[in-house]
Amino acid sequence: MATPLRDIETPTRPSSRAGLAPFALGFRPFFLSAGIYAVLMMGLWLAVLSGHLTPGALAPAAWHGHEMVFGFAVAVIAGFLLTAAQNWTGIAMPSGRPLVVLFVLWLAGRLSFLVPGLPAPLVAAIDVSFLPALALAIALPVHRARQLHNYPFPVLLLALAVANALVHLAALGWITASVNLGLHLAVYVVVMMIVLMGGRVIPSFTDNKLRTRARRWKTIELLAPLSALVALLAALVAPSGTVTALLAALAASVHFVRLAGWYTPKFWSVPLLWILHLGYAWIALGFALLALAAAGLPGAASSALHAFTAGGIGVLTLGMMARVSLGHTGRMLEPPPVMTLAFVAINLAALIRVALPLAFPAFHLPGMTAAGLVWIAAFGLFAAVYAPMLLRPRVDGKPG
């Protein structure tokens, strides 16, 4: 199986180059926008929580969830897949004007919510259009290269598009389902992407850097995506109950064992590695909390959701953006020291958001505020540090 983003394991020594290249490859516009959007949307959410702002199109909590998934997380996914697919297939991915078109589609979905008087069905159509376009951009080279093992990614992108459509249809009152159905489906689809991609890149990156050899048991590698899929489907259909609790507990056990096989104490000296391992640990913890929620533990459902989102998605996206941006701009895989603070901050934000409501329910609102501020600090650091790298040409003179 091909290892995505393999060229970032052979970086070159930086040199100075002038000019701008914001649309040379997919990671550039989407990673930078994701970092900025993570800060803006969390700041707006804190304004909503404090009563200073009221979003229009969706209920406040639904709007927050929608934009953090379909705005922030989808931007990271787009940047990653548009870059990785070029490595997987050897086929050039969109750059220049075609990439601008894709980016404008994503941006239009974000801005359409803000246009006064724009009909809600039109807003929905604009917002939903991006993911099918992205799926097509990934599917075409994967199909041409006949890489069956990469077909799940365009399929999962289409599943995300379905989830987004469900959110809009529920908000419009065109279906009887709750908006939360689409939001939960979207989060679970992203979790499945992490399970599939994490199994490829995290042990591979670790072994390449530390000259170690991660243990990968065939049974565990087979059960990891299967147990995750079954548990998440069960949670979507029947959020509470013994069956869902048992399936989620099984998924948690499998993923903790998977993590244990990848573990080496050596990675604690390499921030670009421990951030990825901790991000995956949040996914395993999310399944454990999902089991407790299904078993009836008060407050566990929200904590499970945020272990997956603030923890797994937030931590892993920051780590992957920091790593991929270095490698694909021709730099050594050594982030500025300040990024270690960002890595600590994002894990602290997740810890506050997940643990505080469980341990101290009365401090739920202050906890959300504190977690949001630390989240802003983490992604604010990323945006400030990485913007010059993402906007300028590769320092080694290569395209991309």
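A residue counts as buried when its relative accessible area is under 20%. The legends below describe close-up views of a predicted model.

**Figure 1. Thr-264 in the loop between H9 and H10.** This threonine occupies the loop that joins the two helices H9 and H10. With a relative accessible area of 11%, Thr-264 is buried, because the limit for that class is under 20%. Residues up to four places away in sequence aside, Thr-264 touches Thr-206, Leu-210 and Thr-212.

**Figure 2. Confidence along the protein chain.** The mean pLDDT of the chain is 93, and 95% of the residues reach 70 or more. Residues 1-16 have a pLDDT below 50, although the model gives this stretch 44 contacts beyond near neighbours in sequence. Where pLDDT is low, the predicted coordinates should not be read in detail.

**Figure 3. Helix H8 and its kink.** Helix H8 spans residues 218-237, which makes 20 residues. From the first C-alpha to the last, H8 reaches 29 Å, close to the 28 Å expected at 1.5 Å a residue. At Ala-224 the helix has a kink of about 30 degrees, and the proline Pro-225 follows shortly after.

**Figure 4. The buried residues of H8 and what covers them.** Ala-224, where the kink lies, is also one of the buried residues of H8. The others are Ile-220, Ser-227, Ala-228, Ala-231, Leu-232, Ala-234 and Ala-235. Their cover includes helix H7 (179-210) and helix H9 (242-262), together with helix H10 (271-294) and helix H11 (300-327).

**Figure 5. The salt bridge between Glu-67 and Arg-110.** The whole structure contains four salt bridges, and one of them pairs Glu-67 with Arg-110. The closest N and O atoms of this pair are 2.7 Å apart. Glu-67 belongs to helix H2 (residues 60-89) and Arg-110 to helix H3 (residues 97-111), so the salt bridge ties together parts that are 43 residues apart in sequence. Glu-67 counts as buried at 2% relative accessibility, and Arg-110 counts as buried at 6%.

**Figure 6. Arg-110 and Asp-127 in a network of salt bridges.** Arg-110 also forms a salt bridge with Asp-127, with 2.7 Å between the closest N and O atoms. Since Arg-110 lies in helix H3 and Asp-127 in helix H4 (residues 120-128), this pair ties together parts 17 residues apart in sequence. Asp-127 is buried, its relative accessible area being 4%. Glu-67, Arg-110 and Asp-127 are thus linked in a network of salt bridges.

**Figure 7. The salt bridge between Glu-221 and Arg-258.** In this pair, the closest N and O atoms of Glu-221 and Arg-258 are 2.8 Å apart. Glu-221 is part of helix H8 and Arg-258 is part of helix H9, so parts that are 37 residues apart in sequence are tied together. Glu-221 is partly exposed, with a relative accessible area of 22%, whereas Arg-258 counts as buried at 4% relative accessibility.

**Figure 8. Leu-157 in the largest nonpolar core.** The largest nonpolar core has 125 residues. Leu-157 is among the members that touch the most other members, along with Phe-70, Phe-72, Leu-160 and Phe-287. Apart from neighbours within four places in sequence, Leu-157 is in contact with Ile-77, Leu-81, Leu-131, Leu-134, Ala-135, Ile-138 and Met-193.

Definitions and conventions
Residues are numbered from 1 along each chain as its sequence is written. This is a predicted model: local features need pLDDT of at least 70, side-chain atom pairs count only at pLDDT 80 or more; totals for chains, interfaces and linings use all residues. Side-chain values use heavy atoms; hydrogens and water are left out. pLDDT is the predictor's confidence in each residue, from 0 to 100. Contact means heavy atoms within 4.5 Å. Helices (H or I, at least four residues) and strands (E, at least two) are DSSP runs, numbered from the N terminus. The expected span of a helix is 1.5 Å times one less than its number of residues. The bend at a residue is the angle between axes fitted to the seven residues ending there and the seven starting there. Buried means under 20% relative accessible area, exposed over 50%, partly exposed in between (1.4 Å probe, protein chains only). A salt bridge is a side-chain nitrogen of Lys or Arg within 4 Å of a carboxyl oxygen of Asp or Glu. A nonpolar core is a set of buried Ala, Val, Leu, Ile, Met, Phe, Trp, Tyr and Cys residues joined through side-chain atoms within 4.5 Å.
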